[in-house]
Amino acid sequence: MERIWVGTVAGVALLAMSACEPEQATVLPLDDNKIKVIGTGYSEKSSLESAISTANARCAQQGKEAFVLASDTGYQGVDKNTALIVDVLTAAAQNSGSAPGYYPSSSSSEDWQTTLEVRCGPQPR
């Protein structure tokens, strides 16, 4: 029984750690050795991390370093009044105990979007 418990704890820990890694962002090629990287996330930070890690990985595949030329981050999620209503109704349903199961959320993994214009250049020696 103890082996099953240790395996379960290890599995949950791996899932928790992988959930912290940024999602892959969308990469669009541009002219002049540039790319546009679009990352999304639940927060401004996670969308930025997604875009940066994808840009770094893409340039590293070419043996080059990513240089950010321009960046823009914006919120594109549900407006605050709607989010408040959804959150209040969800909390009431969860606390009532009469409606077990899935509850809607006002947040999404696409609430924030970061767009980077990146040039892949030679790595300094």
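Let's start at Leu116, which in this predicted model touches Ile35, Lys36, Val37, Leu48, Ala51, Ile52, Val68, Ala70 and Ser71, leaving aside residues up to four places away in sequence. Leu116 also belongs to the largest nonpolar core, a set of eleven residues. Its other members are Ala25, Val27, Ile35, Val37, Ala51, Ala55, Cys59, Ala66, Val118 and Cys120. Three elements give two or more residues each to this core: β2 (34-41), α2 (44-61) and β4 (112-122). Ile35, Val37 and Ala51 are thus worth a second look in your viewer, as they appear both among the contacts of Leu116 and in the core list.

Now step back to the chain as a whole. The protein chain has three helices and four strands, and reading along the sequence gives the pattern α-β-β-α-β-α-β. Of its 125 residues, 20% count as buried. If you take the contacts between residues at least 6 apart in sequence, 75% of them join residues at least 24 apart.

How are the strands arranged? The four of them form an open sheet in the order β1-β2-β4-β3, with antiparallel pairing. At the edges sit β1 (26-29) and β3, each of which pairs on one side only. From one strand to the next, the twist averages 20°. Helix α2 packs on this sheet and touches β1, β2, β3 and β4, its direction making about 25° with that of β4.

The β3 and β4 pairing deserves a closer view. These two strands run antiparallel and are joined by eleven bridges. To find your place along them, look for Gly74, whose bridge partner in β4 is Gln113.

Beside that bridge in the sequence numbering, you can pick out an aromatic pair, and the structure holds one. The ring centres of Tyr75 and Trp112 are 5.3 Å apart and their planes meet at 65°; planes over 60 degrees apart count as edge-to-face, so that is the class of this pair. The two rings link distant parts of the chain, with Tyr75 in strand β3 (residues 64-75) and Trp112 in strand β4, 37 residues apart. Are these residues buried or partly exposed? Tyr75 is partly exposed, at a relative accessible area of 40%, and Trp112 is partly exposed as well, at 22%. For Trp112, the cut-off helps: buried means under 20%, so a value of 22% puts this residue in the partly exposed class.

The last stop brings us back to the core. Which cysteines form a disulfide? Cys59 and Cys120 do, with their sulfur atoms 1.9 Å apart, and the count for the structure comes to one disulfide. The torsion about their S-S bond is about -70°, so the disulfide is left-handed. This pair, too, links distant parts of the chain: Cys59 lies in helix α2 and Cys120 in strand β4, 61 residues apart. Cys59 counts as buried at 0% relative accessibility, and Cys120 is buried with a relative accessible area of 3%. Both cysteines are members of the eleven-residue core, and α2 and β4, the elements they sit in, are among those that give two or more residues to that core.

Terms used: Residues are numbered from 1 along each chain as its sequence is written. This is a predicted model: local features need pLDDT of at least 70, side-chain atom pairs count only at pLDDT 80 or more; totals for chains, interfaces and linings use all residues. Side-chain values use heavy atoms; hydrogens and water are left out. A nonpolar core is a set of buried Ala, Val, Leu, Ile, Met, Phe, Trp, Tyr and Cys residues joined through side-chain atoms within 4.5 Å. Buried means under 20% relative accessible area, exposed over 50%, partly exposed in between (1.4 Å probe, protein chains only). Contact means heavy atoms within 4.5 Å. Rings of Phe, Tyr and Trp (its six-membered ring) pair if their centres lie within 6.5 Å; planes under 30 degrees apart count as stacked, over 60 as edge-to-face and the rest as tilted. Two strands pair if DSSP finds at least two bridges between them. Axes are lines fitted to C-alpha atoms, for helices over the stretch in contact, and angles run from 0 to 180 degrees between N-to-C directions. A disulfide is a pair of cysteine sulfur atoms within 2.5 Å.
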